[in-house]
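Q: Could you pick a single part of this model and give me a close look at it? Then work outward from there into the surrounding packing, keeping the cut-offs explicit.

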Amino acid sequence: MIIERIHIRIFITCSIVSFAEQHALISSYPKQAIDELEQHGYLARSRYGHYYNTKLAAQYLRGFMNNYSPRLKVLDMVPVLQQAEEYVVVDIETTGGSAARGDKIVEIAALKVRDGQTIDLFHRFINPEKPIKNSHIHGITNARVKNEQTITPVIHAFKAFLGDLPIVSHHIGFDWYNFLALELFRNGIRPTNKAACTVMLARQFLKSPKYNLNIIAKTYNIPLLKHHTADADAICANEILQLALAQAASACHKTVL
C-alpha cells in the first residue's frame, strides 16, 4: 500500500501511548485509513480492541525520519565529524525498546563536543507517565522520576541544545531514530541533523571481541563509570568516537603515504 500523510499521523498518534483507544482513534481519523493500515499489517488490536503500531509501522517510521535526518554511511561519518566545528554525542535510557510502540525516554544525557573535548552538557531525567518496566537495567524507577518534567518541555530544551549540529550515539538507530527524533516529530519539530553511529565507526576502525559499549571500553581501557546510566554512557561513547576518528585519520595518512 502507499503510505499517505494521514497514515503517518495515525502512526505517530499510536506511538504516543502503547495502545490507542479504538473510539478515540476513529473519532480523530478516517476509519478507512485505519482499516487500510490494519489490513496491511501496520496496525493491530489488543484483546481489548485498542490499536497499536506493529513492528512494520515502527520500521516505516524509522525510514520516514531518515528522510529528514540522514543516517550517514560510515565513510561519510568521518569527514562530517572531522570538519564539524561542534557535534553532540547523546545517550538515553527508556521504559522499553520502541517509542513507536509506546515506550518513553526516562533520561537524556548529551555532550557538546569541540576538538574532541566536551564544552557543554545537557542532562535531564524525565517522568514517562507510564510504568518503567526495565528499571533492572538502568536503575531508574517511577518513584525516582515522579517529580521530573514530562517529555514535551525536555525535548524542546534538548533541541535548543542540539540545534542543527550532527548527532552521534552508540546505536544511533535506537537513541535517535527510535526515540529522540520521533519525540521531536511528536512535538512539531522536524529534525534535520546528520546522524552518526559509534558502533559502525568502531566496527570499521577498531578491533574488539564485540561492539557493545562496555566491551569496547574494556578492550581499550576506556573508563565507564556506571554502564546504563545516560551520562556515563555518553562520556564513554565520546571516548570511543575520538579513538575511532584517530584511527581513521591514521589509516588515511598511511594510504596517502
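**From one loop into the fold**

A: Let's start at Gln149, which touches Phe125, Ile126, Asn127 and Val154, leaving aside residues up to four places away in sequence (contact here is heavy atoms within 4.5 Å). Before going on: this is a predicted model, where local features need pLDDT of at least 70 and side-chain atom pairs count only at pLDDT 80 or more, while totals for chains, interfaces and linings use all residues. Numbering runs from 1 along each chain as its sequence is written, and side-chain values use heavy atoms, with hydrogens and water left out.

Gln149 sits in the loop between helix 7 (142-145) and helix 8 (helices, H or I of at least four residues, and strands, E of at least two, are DSSP runs numbered from the N terminus). With a relative accessible area of 45%, Gln149 is partly exposed; under 20% would be buried and over 50% exposed, using a 1.4 Å probe and protein chains only. Pro128 is 21 residues away from Gln149 along the chain, yet their C-alpha atoms are separated by 8.8 Å.

One step along the chain is Glu129, in the loop between strand 5 and helix 6 (135-138). Glu129 isn't a glycine, but its phi is positive, near 60°. At 64% relative accessibility, Glu129 counts as exposed.

Phe125, one of the residues that Gln149 touches, takes us to strand 5 (residues 117-125), which runs antiparallel to strand 4 over eight bridges. Strands count as paired when DSSP finds at least two bridges between them. One pairing to look up is Ala109, whose bridge partner in strand 5 is His123. The hairpin of strand 4 and strand 5 has two residues between the strands. Asp115 lies in that loop and has a positive phi of about 55°, although it is no glycine. Asp115 is exposed too, with a relative accessible area of 72%.

On to strand 4 itself (residues 105-114), where nine of the 10 residues are buried. Strand 4 also pairs with strand 3 (residues 87-94), in the antiparallel sense and over eight bridges; there, Val90 has Ala110 as its bridge partner in strand 4. Strand 3 in turn pairs with strand 6 (residues 167-169), in the parallel sense over two bridges, with Ile167 as the partner of Val88.

Put together, five strands form an open sheet in the order 5-4-3-6-7, with mixed pairing. Its edges are strand 5 and strand 7 (195-197), each pairing on one side only. From one strand to the next, the twist averages 25°. Helix 10 (residues 198-205) packs on the sheet and touches strand 6 and strand 7, its direction making about 50° with that of strand 7.

Now back to helix 8 (residues 151-162), whose axis comes within 9 Å of the axis of helix 9 (residues 172-186), crossing at roughly 100°. Axes are lines fitted to C-alpha atoms, for helices over the stretch in contact, and angles run from 0 to 180 degrees between N-to-C directions. Helix 8 and helix 9 are therefore roughly perpendicular; that label covers 65 to 115 degrees, with under 35 roughly parallel, over 145 roughly antiparallel and the rest oblique. Helix 8 brings Ile151, Ile155, Phe158, Lys159 and Leu162 to the contact, and helix 9 brings Trp176, Leu180, Glu183 and Leu184. These residues divide into seven nonpolar, no polar and two charged, with Ala, Val, Leu, Ile, Met, Phe, Trp, Tyr, Cys and Pro counted as nonpolar, Asp, Glu, Lys and Arg as charged, and the others, Gly among them, as polar.

Helix 9 meets helix 4 (residues 55-68) as well: their axes come within 10 Å and cross at roughly 75°. That makes helix 4 roughly perpendicular to helix 9. Among the residues in this contact are Phe64 and Met65 of helix 4 and Tyr177 and Phe185 of helix 9. Overall, the contact of helix 4 with helix 9 divides into eight nonpolar, three polar and one charged.

Finally, the cores: a nonpolar core is a set of buried Ala, Val, Leu, Ile, Met, Phe, Trp, Tyr and Cys residues joined through side-chain atoms within 4.5 Å. The largest has 79 residues, and those with the most contacts inside it include Phe158, Trp176 and Leu180. Apart from it lies another core, of five residues, among them Val106, Phe125, Ile140 and Val145. Phe125 also brings us back to the start, since it is one of the residues touched by Gln149.
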